[in-house]
Amino acid sequence: MKKNVPLIIGNWKLNPVTLSEAASLASGVVTKLKKETEALVVVAPSFIHLQEVKKKISKSLIELAAQDVYSKNIGAHTGEVSILQLKDLGVSMVIVGHSERRAMGETNKEVCQKVVTILAQKITPVVCVGESERDDQGNFFTFVEEQLRSLSEVLDTTQIKKVVIAYEPIWAIGTGNTATNEDVKEMQLFIETVLTKLYDRNTAKKVKLIYGGSVKAHNAAELYKEGGMSGFLVGGASLKAEEFSEIVKACK
Ligand code: PGA
C-alpha cells in the first residue's frame with residue numbers, strides 16, 4: 001500500500017435502502033471522480049449492493065470494499081459472508097473492527113482472526129481502532145495501544161505493512177465532533193511510535209494510517225494537511241457524491 005497516495009474510503013454503512021439508490025450513488029461518485037488519479041478512492045456499500053456497485057465503478061479507478069467479513073472461509077455458518085465470496089465479487093479491501101461492530105461484541109481476537117483471513121487472500125484489511133472517550137490522564141492512548149498490540153500478536157512485519165489502520169475515535173463518529181487537527185496529528189505520531197516498539201521504525205513508517213470521524217467537505221483539507229494521516233474513512237459525507245468528491249479533492 002503506497003503511503004504517499006491518499007486513500008479515501010466511503011463507508012456507506014446501512015445505506016441506502018434500495019439497489020437503485022446504491023447504483024445511482026455509485027454512478028454519481030464515478031461521474032465526479034472519473035478524472036481523479038492522485039488519490040485511491042474506495043466505496044464500501046453493504047454486502048447486498050456490492051455486485052451492482054461493482055458494475056457501476058468497473059470502468060473507473062474506484063475500488064470496492066466490504067464493511068466486514070466472517071473469519072471462516074466456507075461451510076456451515078448461517079448468515080455469514082466469507083472473504084472468498086468477497087474476492088470473487090472483486091472486493092479489494094475489507095473494513096474490520098469498526099466501532100459499530102465492536103459495540104455489538106466483536107473482540108480484538110475476532111478482529112485479528114478476520115485480518116489474517118483477509119491477508120491470506122491478498123486483500124487489504126482496513127482495521128479500525130479508537131477510543132470511546134478522552135480522559136485528561138491520557139488513558140485513551142493505552143486503549144489504542146492495546147488494539148495495536150493485539151494485531152502484532154498475529155501479524156509479522158511483512159503482514160502489518162499490508163494493513164491500513166483507520167484511527168476512528170468513537171466520540172467523533174457521526175457526531176459532528178471531528179477530532180482537532182492536533183488530536184489527529186498526535187495520534188498519528190503515537191500510532192507510529194507504538195508500531196515502532198512492536199515492530200521497527202521502518203515498518204512503522206510503511207503502515208498506512210487514515211482518520212475517520214465526522215470528516216466533511218469543509219474540514220477535510222485542513223485535517224489532511226495538518227493531521228498527518230494518509231487519508232480518510234468517511235461515513236455520513238460519503239452518501240452524497242458531491243461532498244465525497246470534495247473530500248477526495250481536498251486530499252492534496
Ligand atoms: P462519519 O463515520 O464520517 O459519519 O463520522 C465515519 C465512520 O464510521 O467510518
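In what order do the strands close into a barrel? Let's look through this predicted model one close-up at a time.

**View 1. The barrel and its strand order.** Here 8 strands close into a barrel, and you can follow them in the order β1-β2-β3-β4-β5-β6-β7-β8. Their pairing is parallel. On average, neighbouring strands of this sheet are turned by 25° against each other, direction ignored.

**View 2. Strand β1 and its two partners.** Start with β1, residues 7-11, which is joined to β2 by 5 bridges. These two strands run parallel, and across the pair I9 stands opposite V42 in β2. Now look at strand β8, residues 231-234: 4 bridges join β1 to β8, and this pair also runs parallel. In this pairing, I8 stands opposite F232 in β8.

**View 3. Strand β2, inside the structure.** Is β2 buried or exposed? In β2, residues 40-44, 5 of the 5 residues are buried, so the strand is largely enclosed by the rest of the structure. Try following the side chains along β2: L40, V42 and A44 point one way, while V41 and V43 point the other way. Both sets are buried.

**View 4. Helices α1 and α2 side by side.** Helix α1 covers residues 19-33 and helix α2 covers residues 50-57; they pack at an angle of about 30°, with their axes 9 Å apart. Because angles under 35 degrees count as roughly parallel, α1 is roughly parallel to α2. Their crossing is right-handed. Where they touch, L19, A22, A23, A26, S27 and V30 in α1 meet E52, V53, K56 and I57 in α2. Sorted by class, this contact of α1 with α2 has 7 nonpolar, 1 polar and 2 charged residues.

**View 5. Helices α5 and α6 at a slant.** Helix α5 (residues 108-120) packs against helix α6 (residues 139-152) at an angle of about 45°, and their axes are 9 Å apart. The two helices are therefore oblique to each other. The crossing of α5 and α6 is right-handed. Look for N108, C112 and V115 in α5, which meet E146, Q147, S150 and L151 in α6. The residues of this contact divide into 3 nonpolar, 3 polar and 1 charged.

**View 6. Helix α6 against the strands.** Which strands does α6 lie across? They are β5, residues 124-129, and β6, residues 164-167. Helix α6 runs at about 150° to β5.

Definitions and conventions
Residues numbered from 1 in each chain as written. Predicted model: local features only at pLDDT ≥ 70, side-chain atom pairs only at ≥ 80, totals over all residues. Heavy atoms only, no water. Axes fitted to C-alpha atoms, helices over the stretch in contact; angles between N-to-C directions. Parallel < 35°, antiparallel > 145°, perpendicular 65-115°, else oblique. Left-handed = near helix turned anticlockwise from the far one by under 90°. Contact = heavy atoms within 4.5 Å. Nonpolar A, V, L, I, M, F, W, Y, C, P; charged D, E, K, R; others polar. Buried < 20%, exposed > 50% of the residue type's maximum accessible area, 1.4 Å probe, protein only. Pairing = 2+ DSSP bridges.
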